[in-house]
Amino acid sequence: MLEATQDYFEAIHDTDRTGALRAVDEALARGLRPEDVLFQVVLPAIERIRGPEGQACASSLAQQYMAAVIAAELTERMVPLFRSAPAVSCRVVMGNSRGDFHGLGRRIVVGCLRAMLMEVVDLGLNVAPEAFVDAAVSSGARVIGISSMMDHTARGEGGCRAVRRLLQERGLEGTIRLAVGGAPYRFDPEMYRAVGADVWAPDGLSAGQLIARLARGEAA
Ligand code: B12
């Protein structure tokens, strides 16, 4: 494990934003690449603070919240510093489902997609189903990603189900694919099928990998 990974995690554990930013700045000054800061230091700390899936979590909501806030901030700061060639591999529309104002997970996923050289149209919070489809059509996106953090915004009529229906009505199924994510899907990994999504992912890294496969037209 990198020294920065442990220093950063300890600062996150103490909800110490200043210490977390210092750990990152010191790592960059020592020559760690921004890509490695994001994927080896910042994002693993969220998973670690959240603990293993399905087990009682040792951290508090405040710790989880701060880990997500700082990760979203650092994701946005690191991605423009990436040294990889800026080729666009595909276009994705992202947003939170209608009625959902939990934006931190979405911001992290958007950062990861951009880090993987995808072009993201980020519609933000509380997005109507029609707006997802309209944005995908006007931008030529192959994938719509919907983030929902509450049961009713995941399962309800303001989210993926309604987007799926619109795609059917407009003859766009097969052209535009649907990815979902957020806490309810982590609790019930089969829920994505019930709401009509093609895939779901538990974190930003796997979201990027799955969405890239969907955009290339590969099986979910
Ligand atoms: C922070 C937080 C808030 C903040 C949100 C701040 C913000 N700007 O985002 C505030 C205080 C505003 C808030 C408000 C509310 N909240 Co709240 N909140 C949380 C909390 C503690 C953490 C959420 C979070 O940021 N997680 C960290 C991020 C990084 O994780 P993540 O979102 O899961 O994202 C990762 C993956 O899911 C995935 N992913 C996410 N999106 C997508 C999309 C795609 C396409 C893919 C592939 C992957 C993917 O990748 C992400 C990055 O790794 C959760 C509890 C929890 N432990 O989940 C409750 C929680 C979600 N909230 C809850 C509730 C009830 C509310 C309120 C109704 C409270 C109230 N009575 O007012 C309001 C509702 C506001 C609204 N209408 O949206 C409940 C939902 C219960 C339920 N079963 O439906 C939870 C579960 C808390 C609880 N246990 O009761 N909340």
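A residue counts as near a molecule if one of its heavy atoms lies within 4 Å of it. The exercises below use this cut-off on a predicted model.

**Exercise 1.** Find how many residues surround the ligand, and where the ligand sits.

*Solution.*
Step 1. The shell around the ligand holds 31 residues. The closest are Phe101, His102, Gly103, Ser147 and Asp151.
Step 2. The ligand sits in the largest pocket. Two or more residues of the shell come from each of α4 (61–78), α5, β3, β4, α9 (183–187) and α11 (204–215).

**Exercise 2.** Identify the protein donor to the cobalt atom and the polar backbone atoms that lie close to the ligand.

*Solution.*
Step 1. The cobalt atom has a single donor from the protein, NE2 of His102, 2.2 Å away. A donor must be an N, O or S atom within 2.8 Å of the metal, so NE2 qualifies.
Step 2. His102 is placed in the loop between β1 (91–96) and α5 (104–115).
Step 3. A nitrogen atom of the ligand is 3.0 Å from a polar backbone atom of Gly99. For oxygen atoms of the ligand, the distance to a polar backbone atom is 2.6 Å at Phe101 and 2.8 Å at Asp151.

**Exercise 3.** Describe the strand partners of β3 and state whether its faces are buried or exposed.

*Solution.*
Step 1. β3 runs parallel to β1, joined by five bridges; Val93 has Ile144 as its bridge partner.
Step 2. β3 also pairs with β4 (residues 177–181) in the parallel sense, over five bridges. Here Ile146 stands opposite Val180.
Step 3. On one side of β3, Val143, Gly145 and Ser147 are buried, and on the other Ile144 and Ile146 are buried. Five of the five residues in β3 are therefore buried, each under 20% relative accessible area.

Key
Residues are numbered from 1 along each chain as its sequence is written. This is a predicted model: local features need pLDDT of at least 70, side-chain atom pairs count only at pLDDT 80 or more; totals for chains, interfaces and linings use all residues. Side-chain values use heavy atoms; hydrogens and water are left out. Donors are N, O and S atoms within 2.8 Å of the metal (3.2 Å for Na, K and Ca); water is not among the atoms, so sites may look incomplete. Helices (H or I, at least four residues) and strands (E, at least two) are DSSP runs, numbered from the N terminus. Buried means under 20% relative accessible area, exposed over 50%, partly exposed in between (1.4 Å probe, protein chains only). Two strands pair if DSSP finds at least two bridges between them. A polar contact is a pair of N or O atoms within 3.5 Å; within protein, one must be able to donate a hydrogen and the other to accept it, and residues adjacent in sequence count only if both atoms are side-chain atoms. On a 1 Å grid over the protein atoms alone, a cavity is a set of points where a 1.4 Å probe fits but cannot get out, and a pocket is an open set with protein on both sides within 12 Å along at least five of seven lines; lining residues have an atom within 4 Å of a point. A molecule sits in a cavity or pocket if more than half of its atoms lie within 2 Å of its grid points.
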